[in-house]
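I opened this entry to look up how aromatic rings pair in a structure that is new to me. My notes follow the rings one pair at a time.

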Amino acid sequence: MAFKHIQTELKDGVAFLTLNRAPLNVLNIAMMEEINTYFEGLLQERSLKLIVIRGEGKAFSAGVDVGEHLGDLVRKMMRLSTRYFA
């Protein structure tokens, strides 16, 4: 599956997820949805031993998109982030 904001690779039981939203890999709702989709797909991988999360560019991540952390969007953002950080 092709993603817009992340790059993925699975090799020898190791899953690599690279945040790829230049320049600072700020997490927005679209990126978090992609991360969740990738992690859900990994649940089927019996050979999975390790997940490596890394950032492309000059920063791993500068955090969440503050513009999407307001009003009605904050609930969606919190729900998405707790799915993989909990």
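Before looking for a cluster, I noted the rule that rings of Phe, Tyr and Trp (its six-membered ring) pair if their centres lie within 6.5 Å. I also kept in mind that this is a predicted model, in which the chain averages a pLDDT of 92 and 98% of the residues score at least 70.

How many aromatic pairs does the rule give? I found that the count comes to two aromatic pairs.

I looked up F3 and Y38, whose ring centres are 6.4 Å apart and whose planes stand at 80°, so I entered the pair as edge-to-face, given that planes over 60 degrees apart count as such. I then placed the partners along the chain: F3 lies in the segment before strand 1 (6-11) and Y38 in helix 1 (residues 29-42), so this pair ties together parts that are 35 residues apart in sequence. Both F3 and Y38 are buried.

I turned next to Y38 and F39, which form a tilted aromatic pair with 6.3 Å from centre to centre and 35° between the planes.

Are Y38 and F39 buried or exposed? I noted Y38 as buried because its relative accessibility is 10%, and F39 as buried with a relative accessible area of 18%, where the cut-off for buried is under 20%.

Putting the pairs together, I recorded that ring pairs link F3, Y38 and F39 into a cluster.

Last, I checked confidence by element: helix 2 (residues 71-85) has the lowest mean pLDDT, 84, among the elements of the chain, while strand 2 (residues 14-19) has the highest, 98.

Definitions and conventions
Residues numbered from 1 in each chain as written. Predicted model: local features only at pLDDT ≥ 70, side-chain atom pairs only at ≥ 80, totals over all residues. Heavy atoms only, no water. Phe/Tyr/Trp six-rings, centres within 6.5 Å; stacked < 30°, edge-to-face > 60°. Helix = DSSP H or I, 4+ residues; strand = E, 2+ residues; numbered from the N terminus. Buried < 20%, exposed > 50% of the residue type's maximum accessible area, 1.4 Å probe, protein only. pLDDT = per-residue confidence, 0-100.
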